[in-house]
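Work through the exercises below with the sequence and the coordinates open. Try each task before reading its solution.

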Amino acid sequence: MPRFHKEGRTILTSTSILTVALVVLLFYLLKEEHLPMWGFVLLTVVLLTMWGLIAQFFRNPIRVTEVNENHIIAPVDGKVVILEKKDESEYFGKKCFQISVFMSPLNVHVTRYPISGEIVYSKYHPGKYLVAWHPKSSTLNERTTVVIRDAKQHELLYRQIAGAVARRIVNYARTGEKAVQGEDSGFIKFGSRLDIFVPYDIHIKTHVGATVKGGNTILATFE
């Protein structure tokens, strides 16, 4: 039995009710000879396919994370699109190593904590909805920024970024609370991107174009 994220319960319930109601209506039209069999089959397949696409988007597979204080774990599923040093002005105010993962609508969209530690910063920013791979989406789009400080006083910033399709970011991180590597920290509805910024020397364990799994793939390790 597939697991679904709690953020999808309302949408899945309403979509399921609507799908069943429409299929019943189609069956009635078929029975009353207002709809040919091929039309009934085609429209039913379309409705069930649409329901399936929505359901798969909110899936929440069980992921077992091997917690390690030296590892930076992928917070989301997707493809690595940026690995380079860039300025981070919101919190660090200096050049940091940036790791960005792009999520398509077909990816699992649960966000997980990349490291364990104390949440020292958490802020929501309203903004635009540029396509997630746009160079300025990290600073212009709707986004949330979270900073975690680990037991060795390393600080890591991750940023959930809405895209052209994603229109709602859910962030569970609250300042002063504890983050546990691999645990659920939020959700981005319908596509987007996640950026990580680290102001320290790190050993990169991935590459641009790599497919990563949230809670499982090691992106980098601290020096």
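**Exercise 1. A bridge partner**

Which residue in β10 is the bridge partner of Ile 169?

Solution. The model is a predicted one. Begin with the strands: β8 spans 168-171, and β10 covers residues 184-189. Four bridges join these two strands, which run antiparallel. Read across from Ile 169 to β10, and the partner is Ile 188.

**Exercise 2. The sheet around β10**

Give the strand order of the open sheet that holds β4, β8 and β10, then name its edge strands.

Solution. Step one: the order is β4-β10-β8, with antiparallel pairing. Step two: β4 (110-112) and β8 (168-171) are the edge strands, since each pairs on one side only. Step three: from one strand to the next, the twist averages 20 degrees.

**Exercise 3. The chain as a whole**

Describe the protein chain by its elements, burial, contacts and surface.

Solution. Count the elements: the chain has three helices and 14 strands. Turn to burial: of its 223 residues, 48% are buried. Next, take the contacts between residues at least 6 apart in sequence: 71% of them join residues at least 24 apart. Last, the surface: the accessible area is about 11500 Å², and carbon and sulfur atoms account for 61% of it.

**Exercise 4. Two aromatic pairs**

Classify the ring pairs Phe 58 with Phe 187 and Tyr 113 with Tyr 158, and say what each ties together.

Solution. The structure holds five aromatic pairs. Take Phe 58 and Phe 187: their ring centres are 5.5 Å apart and their planes lie at 10 degrees. Planes under 30 degrees apart count as stacked, so this pair is stacked. Now place the residues. Phe 58 is in the loop between α2 (37-57) and β1 (71-73), while Phe 187 is in strand β10, so the pair ties together parts 129 residues apart in sequence. Check burial: Phe 58 has 0% relative accessibility and counts as buried. Phe 187, at 0%, counts as buried too.

Move to Tyr 113 and Tyr 158. Centre to centre they are 6.5 Å apart, with 75 degrees between the planes, and the pair is edge-to-face. Tyr 113 sits in the loop between β4 and β5 (117-125) and Tyr 158 in strand β7 (residues 155-161), so parts 45 residues apart in sequence are tied together. Tyr 113 is buried at 6% relative accessibility. Tyr 158 is buried at 0%.

**Exercise 5. Other ring neighbours**

Which residues form one aromatic cluster, and which ring has the charged end of Lys 6 over it?

Solution. For the cluster, pick out Tyr 91, Phe 92 and Tyr 121. For the charge, look at Tyr 172: the charged end of Lys 6 sits over its ring, 4.6 Å from the centre.

**Exercise 6. Pro 126**

Is Pro 126 buried or exposed? Where does Pro 126 lie, and what is it in contact with?

Solution. Locate Pro 126 first: it is in the loop between β5 and α3 (137-140). Its relative accessibility is 62%. The cut-off for exposed is over 50%, so Pro 126 counts as exposed. Then set aside its neighbours within four places in sequence: Pro 126 is in contact with Glu 142 and Arg 143. Finally, compare sequence with space. Pro 126 and Ala 162 are 36 residues apart in sequence, and 9.7 Å separates their C-alpha atoms.

Conventions: Residues are numbered from 1 along each chain as its sequence is written. This is a predicted model: local features need pLDDT of at least 70, side-chain atom pairs count only at pLDDT 80 or more; totals for chains, interfaces and linings use all residues. Side-chain values use heavy atoms; hydrogens and water are left out. Two strands pair if DSSP finds at least two bridges between them. Axes are lines fitted to C-alpha atoms, for helices over the stretch in contact, and angles run from 0 to 180 degrees between N-to-C directions. Buried means under 20% relative accessible area, exposed over 50%, partly exposed in between (1.4 Å probe, protein chains only). Contact means heavy atoms within 4.5 Å. Accessible areas come from the Shrake-Rupley method with a 1.4 Å probe; for residues, only the protein chains shown count as cover. Rings of Phe, Tyr and Trp (its six-membered ring) pair if their centres lie within 6.5 Å; planes under 30 degrees apart count as stacked, over 60 as edge-to-face and the rest as tilted. A charge sits over a ring if NZ of Lys or CZ of Arg is within 6 Å of the ring centre and within 35 degrees of the ring normal.
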